[in-house]
Amino acid sequence: MGMGNDLADVLIVGAGPTGLVLACDLVRRGAAVRIVDRSPAPPRTSRAKGPNARSLEILDDLGVADEVLASGSAPLPMLKYRDRLPVAETDPWADSAPSPDAPYDRGRLIAQWRLEEILRDRLAGYGVRVELGREVVGLTEAADRRHVDVTFAEDRTERVRYAVGCDGAHSSVRKLLGIGFEGTTAEDQVMVCGDVDLAEGALDRTRWHQWFDEDGAVMLCPIPGTRTGWWFQAGPERDGRGRPLAPTADGFRRLLARHTALPGRALTRAELLSTYRVNVRMADRFRAGRVFLAGDAAHVHAVAGGLGMNTGIQDAFNLGWKLGLVLAGHAEPALLDTYEEERLPVAARTLDLTSERLRATLEAIRRPGGGLDAAITLDTTGLGVGYRWSSLARVPDETPRHDETPRHDETPRPDETPRHDKTPRHDETPRPGDGLPGSPRPGDRAPDAPCVDAVTGARTRLHRVFAGPRTTVLGFGPGSAAVLREVAAAYGDAGVRTCRVYASHESGARSGPGAAVVDDEGHAAAAYGTGAFADPGTGTVIVVRPDHHLGLSAPADDARSVHAYLRRLHGAGRPRNGSPALVDAARKG
C-alpha cells in the first residue's frame with residue numbers, strides 16, 4: 001500500500017472505533033497506514049452501546065454495515081421500575097421510521113469489542129494489522145517540517161508523514177503535544193459499570209431494565225450476540241462517609257439484591273469493572289503541525305445520548321478524506337486546517353447537548369417511570385450535524401459572511417438540519433453555491449434517496465452512489481450534462497465521480513460519462529430541492545464531499561463555481577495516464 005517506500009503516510013495511535021474507522025478510510029485511499037495500540041491484546045470492552053444512525057451511514061460506506069447489523073440488535077424498549085416493581089415501559093423509537101432521505105432512523109446495539117473486531121477484519125482485508133503492545137512516548141516534528149519522528153517505549157524512533165492521536169481521554173499524544181484539556185469532572189456524578197452474566201432466564205432479554213429508586217439505581221441491558229451477557233450500570237455503593245466504593249462482583253450482587261427482585265446469586269460473573277465519572281472536557285486545539293487529535297483524545301462528555309464513540313467515528317470520517325487528498329497530491333495542505341474548523345465547533349456543541357441531556361435524565365429519574373429515554377432526541381441520531389459555517393461551504397475566493405462564521409463561543413445550533421420548510425431564517429440570505437431556499441445547504445449532510453440504476457434497472461440509493469473514497473458530482477436536469485462531461489474529462493482518474501440523476505419523465509438516451517440513476521419516485525428531487533430546475537434548458541449541479549456533506553449546489557450554467565470548488569479539493573485534475581508530478585508531490589506531502 002501507499003507511496004512505494006517504507007515510510008508510513010499516517011501513524012494512528014489507538015485502535016478503538018475512531019482509530020479503526022480512520023485506518024479503514026485512509027488505506028482504501030491508497031495511503032500507507034500504520035495503527036498501533038499500547039494494549040497487549042485487543043480489549044474486550046463493551047462500553048459503548050453502539051453506532052447511532054449517522055455512524056451506521058459511515059460504516060455502510062466502509063462496507064461493514066451489514067455485518068454490524070447482523071451482530072447487533074435494534075435499540076430495545078426500556079422497562080422502568082420503582083421499589084422493585086415495573087411502573088412504565090417506553091420505546092423511544094416507537095414513532096420513528098426510516099425515510100427516503102435517511103434509511104437508518106436509529107442506531108444499533110452492539111458490544112464495542114465486536115464492532116472493533118469487524119473493523120479490524122476489514123482493515124486486515126487491506127493488508128493492515130494493528131500493532132499491539134506499542135506505546136508512543138515521544139513526538140517531534142522533524143526539522144524539515146515534512147515528517148514526524150515518533151518514539152516508542154522500546155526506545156525506537158520511527159518517521160511518518162502525519163500522526164493522529166485516537167488514544168482516548170487519557171491520550172498520550174495530546175499530553176506529548178502539550179495541548180490543554182480544559183473542563184470539569186463531576187466527582188459526585190459517579191456510576192459503576194461492568195459486563196455481567198445473569199442466570200439464564202433471570203430477565204427478559206427483549207427489554208432494557210432500569211430500576212431508579214431514591215437511594216440508587218441499577219440498569220441492565222442485554223449484550224447482543226450473548227446468551228446471558230448484560231451491560232450493568234449502577235449508582236455505586238458508598239462507605240460510611242458517603243464516598244463511592246470501587247466496583248466489585250460482590251458489590252454488584254448487593255446492588256442487584258437491593259434494587260431488583262433478583263437475588264444476588266443470579267449474577268454469576270462480573271468483569272471489565274470500572275467507575276465512570278462525568279467528565280466534560282475538550283482539547284483547545286485538534287491539531288499541532290502534522291499531528292491531529294480525534295475522538296476521546298480531543299473531547300469527552302457526559303454519557304447521556306451515547307454520543308462519545310459516535311462523535312469519534314465522525315471525527316475520523318471528516319479527517320480521513322482530507323488527509324487522503326493531501327497525501328495524494330491533489331489538495332493543498334491547507335485543506336487539513338478545515339478538520340479543526342469543522343469538528344471543534346461540533347465537539348463544543350456535543351458537550352453542551354450531552355450535558356443538557358444528562359440534566360434532563362437526572363430530573364426524569366426522580367419521578368417513577370422516568371428513565372434513560374429522556375436522553376434520546378433527534379439530535380442524538382447525528383443526522384443533523386453539518387458545517388454551514390465552514391470555509392468548505394463557500395465557493396473559493398468568496399468573502400466569508402459575518403453571519404456564517406461562528407464566533408469563538410458560537411457552536412452549531414440543533415436546528416441546523418437539512419430542512420424542507422422552504423422558509424429561510426433571517427440569516428439565510430442565499431449566496432452563490434447555496435441552491436434553492438429550503439433545500440440542503442452547503443455543509444449539510446447530503447440526503448439519501450432511493451432510485452433506479454439507469455443501466456441495469458436495479459434499485460439503488462444515492463448513498464450507494466456516494467460510497468467509496470471519492471467526491472461525487474450529481475447533475476439534475478438536461479442542462480447539467482455539459483458540466484458532468486467536463487468534470488469527468490478533467491477528474492475521471494482523480495477521485496471524482498459523476499452521476500446524472502434523471503427524472504422519471506425524461507426520455508431519450510440515458511448515456512454519458514459516469515453513473516446514471518432514475519429518480520423514479522421523485523425522492524431525490526424532493527430531498528435536494530431541484531424541482532425548479534425541471535425546465536429542459538436548465539439544471540443544477542451538486543458537489544457531495546467524500547464524507548456525504550454538500551460542498552456546492554449551483555445552477556448548471558455556473559460551471560465556473562463547480563470547477564473552482566473541485567480545484568480546491570482535487571487540484572486541476574490529471575491526465576488519464578496519471579501524472580508523475582502528482583506522485584512526486586504526494587511523496588513530498
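Good morning. The protein I am presenting exposes about 23900 Å² of surface, and carbon and sulfur atoms supply 52% of that area. Please keep in mind throughout that this is a predicted model.

Let me begin with the overall composition. The protein has 589 residues, of which 56% count as buried. Its secondary structure comprises 13 helices and 23 strands. Consider next the contacts between residues with a separation of 6 or more: 70% of them involve residues that are 24 or more positions apart.

I turn now to one of the sheets. In what order do the 7 strands of this open sheet lie? The order is 18-17-21-20-19-22-23, and the pairing is mixed. At the edges are strand 18, residues 459-461, and strand 23, residues 550-555, each of which pairs on one side only. From one strand to the next, the twist averages 30°.

Within this sheet, strand 17 (residues 450-453) and strand 21 (residues 515-519) run antiparallel and are joined by 2 bridges. If you wish to find a specific point on the screen, look at Asp453, whose bridge partner in strand 21 is Val517. A helix also packs on the sheet: helix 10, residues 481-491, touches strand 19, strand 20 (496-503) and strand 22 (540-544). The direction of helix 10 makes about 160° with that of strand 20.

My next topic is the aromatic side chains. How many aromatic pairs does the structure hold? There are 7 aromatic pairs. One of them is formed by Tyr162 and Phe292, whose ring centres are 6.3 Å apart. Why is this pair described as tilted? The planes of the two rings stand at 40°, and an angle that is neither under 30 degrees nor over 60 counts as tilted. The pair also links distant parts of the chain, for Tyr162 belongs to strand 8 (residues 157-165) and Phe292 to strand 15 (residues 291-293), 130 residues apart.

Are these two residues buried or exposed? Tyr162 has a relative accessibility of 2%, so it counts as buried. Phe292, with a relative accessible area of 0%, is buried as well. Tyr162 and Phe292 also belong to a cluster, in which ring pairs link them with Phe286 and Tyr339.

A further tilted pair consists of Phe476 and Tyr528, at 5.9 Å centre to centre and with 35° between the planes. Here, too, distant parts of the chain are linked: Phe476 lies in strand 19 (residues 471-476) and Tyr528 in helix 11 (residues 523-528), 52 residues apart. Both Phe476 and Tyr528 are buried.

Aromatic rings also have charged neighbours in this model. Arg134 lies over the face of Phe152, at 3.8 Å from the ring centre. Similarly, Arg205 lies over the face of Trp230, at 5.2 Å from the ring centre.

Finally, I should like to draw your attention to the backbone of one loop. Most residues other than glycine have a negative phi. Which loop holds Asp83? Asp83 is found between strand 3 (78-82) and strand 4 (85-90), and its phi is positive, near 55°. Arg84 is found in the loop between strand 3 and strand 4, and it has a positive phi of about 75° although it is not a glycine. As for accessibility, Asp83 has a relative accessible area of 57% and is therefore exposed. Arg84, at 41% relative accessibility, counts as partly exposed.

Thank you for your attention.

Technical notes. Residues are numbered from 1 along each chain as its sequence is written. This is a predicted model: local features need pLDDT of at least 70, side-chain atom pairs count only at pLDDT 80 or more; totals for chains, interfaces and linings use all residues. Side-chain values use heavy atoms; hydrogens and water are left out. Rings of Phe, Tyr and Trp (its six-membered ring) pair if their centres lie within 6.5 Å; planes under 30 degrees apart count as stacked, over 60 as edge-to-face and the rest as tilted. Helices (H or I, at least four residues) and strands (E, at least two) are DSSP runs, numbered from the N terminus. Buried means under 20% relative accessible area, exposed over 50%, partly exposed in between (1.4 Å probe, protein chains only). A charge sits over a ring if NZ of Lys or CZ of Arg is within 6 Å of the ring centre and within 35 degrees of the ring normal. Contact means heavy atoms within 4.5 Å. Accessible areas come from the Shrake-Rupley method with a 1.4 Å probe; for residues, only the protein chains shown count as cover. Two strands pair if DSSP finds at least two bridges between them. Axes are lines fitted to C-alpha atoms, for helices over the stretch in contact, and angles run from 0 to 180 degrees between N-to-C directions.
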